[in-house]
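The following exercises concern cysteine pairing and backbone geometry. Please study the sequence and the model before reading the solutions.

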Amino acid sequence: MVNIRLFALTFLSGIGGFLFGYDTGVISGAMLLIEEDPRIHPTTLWKELIVSATVGAALLCSLIGGPLCERWGRKPVILLSSGIFTVGALVMGIANSREVLLVGRIIVGAGIGLASMSVPIYISESAPSNLRGFLVSCNVLCITGGQFIASCVCGAFSTMEYDGWKYMLGLSGVPAVIQLIGFAFMPESPRWLLAQGQTEKGRLVLETIRNDLRDPDFMEAEFEEIIRAVEEEKRFAALNTLRVIKQQIAGINTVMYYSAKILSMAGFSNNSQAIWISAGVASINFLCTFIGLFLVERMGRRKLVLVSLLGVVVSLAFLGVGFQLSNIYSPEITFLNPNIAEDACSDFQTCGSCTNQKLCGFCYLDDPSQGSVINGSCLTIEPEAPDFSAHGRCSSANQPSLDYILFAPDYCPSNVAWLTVLGLCSYLFFFAPGMGPMPWTINSEIYPLWARSTANSIATAFNWLLNLIISMTFLSLTEAITKEGAFYLYTGVASLGLVMFFLILPETKNKPLEEVEMLFAKPWSWRPRG
């Protein structure tokens, strides 16, 4: 029989995961509209700040979340996160300047940080061992679902001038309010209650969320095992605090923050088109998470992570190759205006070499009657209006004269742009079933009860630190070492992660939380025994 209360608490706590996914994914499409809003007018630095401020706030609050979960319990922290999400959505929805928008992004980042470390622990401690991997992975399904819904919302508002991005960002307040109300009626984690000495209350909660899934004897055995583990950990707490806590790294998916921008860089010049293609890519991330739900209790955590990460490495390399081919076969510079011969960008020979320079853009005619890009030139970008050149036929003054004269400040029109779409789809096909849900699942399992909140918050904070580094440097990195160079760098980092996981990652499938700690009794015990 299905325990409705168990799945209800999974669903309601999973709204935190949905908001996590929505607020990190929505910025991908919203940024394309924010760039064109004269009230915001973000520079490259401000674009990176608007994206990465959320990650930075998540990093700090995931560290704070550990002690809060330990002192207050898991439930109050989840409720706090939903309240913060609501406030952040309101601030972003009314923002009329980049400063206010930044404040809103910081607020929702605080909610993400609290939710990302408290929700997996709560679900893990409430779930029976045979469903733990599945239910914790459901939280990641909510994250990818949030990213997909965010992409669809961005597509729906992509043609609304100026205020479209406000609706994209502000609508996250709706699920936040639903969680705030609904989760108030959910119980506290039974393991946390027992660790606090609230034995009768902990037993009652355990009985409530187990009565339809296990026979009374099995539930009683689980209760006694938790009590035994709590008492043992209290006796050896001083010794245990000296141990080194192993951590998982799962920061690769930050590339999703810039998915629409990546597609724009690949040659999809229409913002609405890039956003809807990004939504299609996000749907793969969402749908392939179901593969992880199906395989987690069959294939196991270790194999799923290794296969997933191997596919991610190959896909990142493929993305690098796609951008490199776009650069190699980019249109040539064929039109030189003698009146602007002194332009600092006039010496480049191809669109690729032109747009690889931060201050230069590619001006060209996209005439359907010619069937190809013609009369391309490299011109200096107008600092106050980066969608136009500073002078010449692609300047803001001359642009309205011909509809088919286009200016590409950071991309080249390309016949191989589909390679980027294929690379992103391949990346998410491999990432979603394994590297998406498994690090969160494993992190919620491997720590003993005495260190679970603190260790999980440290691991989550380290994850957000890597996300912060990538989101804060991605655009600058593409300018410094080219687009393909950035993805080749990510390929190398992911390859190192693959080797590390192969050496140290244990299997935790079907093991009670109280037994998982024994897997780390030896420093290199990567294979499960028995």
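The exercises below treat the disulfides, the free cysteines and two backbone angles in turn.

The model is predicted: local features need pLDDT of at least 70, side-chain atom pairs count only at pLDDT 80 or more, and totals for chains, interfaces and linings use all residues. Residues are numbered from 1 along each chain as its sequence is written, and side-chain values use heavy atoms, with hydrogens and water left out.

**Exercise 1.** State how many disulfides the structure holds and which pattern they follow.

Solution. A disulfide is a pair of cysteine sulfur atoms within 2.5 Å. By this criterion the structure holds four disulfides. When the bonded cysteines are counted along the chain, the pattern reads 1-4, 2-8, 3-6, 5-7.

**Exercise 2.** Describe the link between Cys345 and Cys360 by its distance, handedness, location and burial.

Solution. Begin with the distance: the two sulfur atoms of Cys345 and Cys360 are joined at 2.0 Å. Next, the angle about the S-S bond is -80 degrees, and the link of Cys345 and Cys360 is left-handed. The pair links distant parts of the chain, 15 residues apart: Cys345 is in the loop between α14 (301–328) and α15 (351–355), and Cys360 is in strand β1 (residues 360–367). Helices (H or I, at least four residues) and strands (E, at least two) are DSSP runs, numbered from the N terminus. Finally, buried means under 20% relative accessible area, exposed means over 50%, and partly exposed lies in between (1.4 Å probe, protein chains only). Cys345 has a relative accessible area of 2% and is therefore buried; Cys360, with 5%, is buried as well.

**Exercise 3.** Determine which handedness, left or right, belongs to each of the two disulfides formed by Cys351 and Cys354.

Solution. Take Cys351 first. Its sulfur atom lies 2.1 Å from that of Cys412, and -110 degrees about the S-S bond makes this link left-handed. Cys351 belongs to helix α15, while Cys412 sits in the loop between β3 (405–408) and α16 (418–431), 61 residues apart. Cys351 is buried at a relative accessible area of 0%, and Cys412 counts as buried at 8%.

Now take Cys354, which a disulfide joins to Cys378 with an S to S distance of 2.1 Å. The torsion about the S-S bond of Cys354 and Cys378 is about 85 degrees, so this disulfide is right-handed. This pair also links distant parts of the chain, from Cys354 in helix α15 to Cys378 in strand β2 (residues 372–380), 24 residues apart. Both Cys354 and Cys378 are buried.

**Exercise 4.** Explain why Cys288 has no bond to the closest cysteine sulfur, and state whether Cys288 is buried or exposed.

Solution. The closest cysteine sulfur to that of Cys288 is in Cys425; because the distance is 9.2 Å, the two are too far apart for a bond. Cys288 has a relative accessible area of 8%, so it is buried.

**Exercise 5.** Find the sign of phi at Asn375 and at Thr482, and locate both residues.

Solution. Asn375 has a phi near 50 degrees, a positive value in a residue other than glycine. Asn375 is placed in strand β2, and its relative accessible area of 32% makes it partly exposed. Thr482, although not a glycine, has a positive phi of about 75 degrees. Thr482 is found in the loop between α18 (452–481) and α19 (483–504), and it is partly exposed, with a relative accessible area of 22%.
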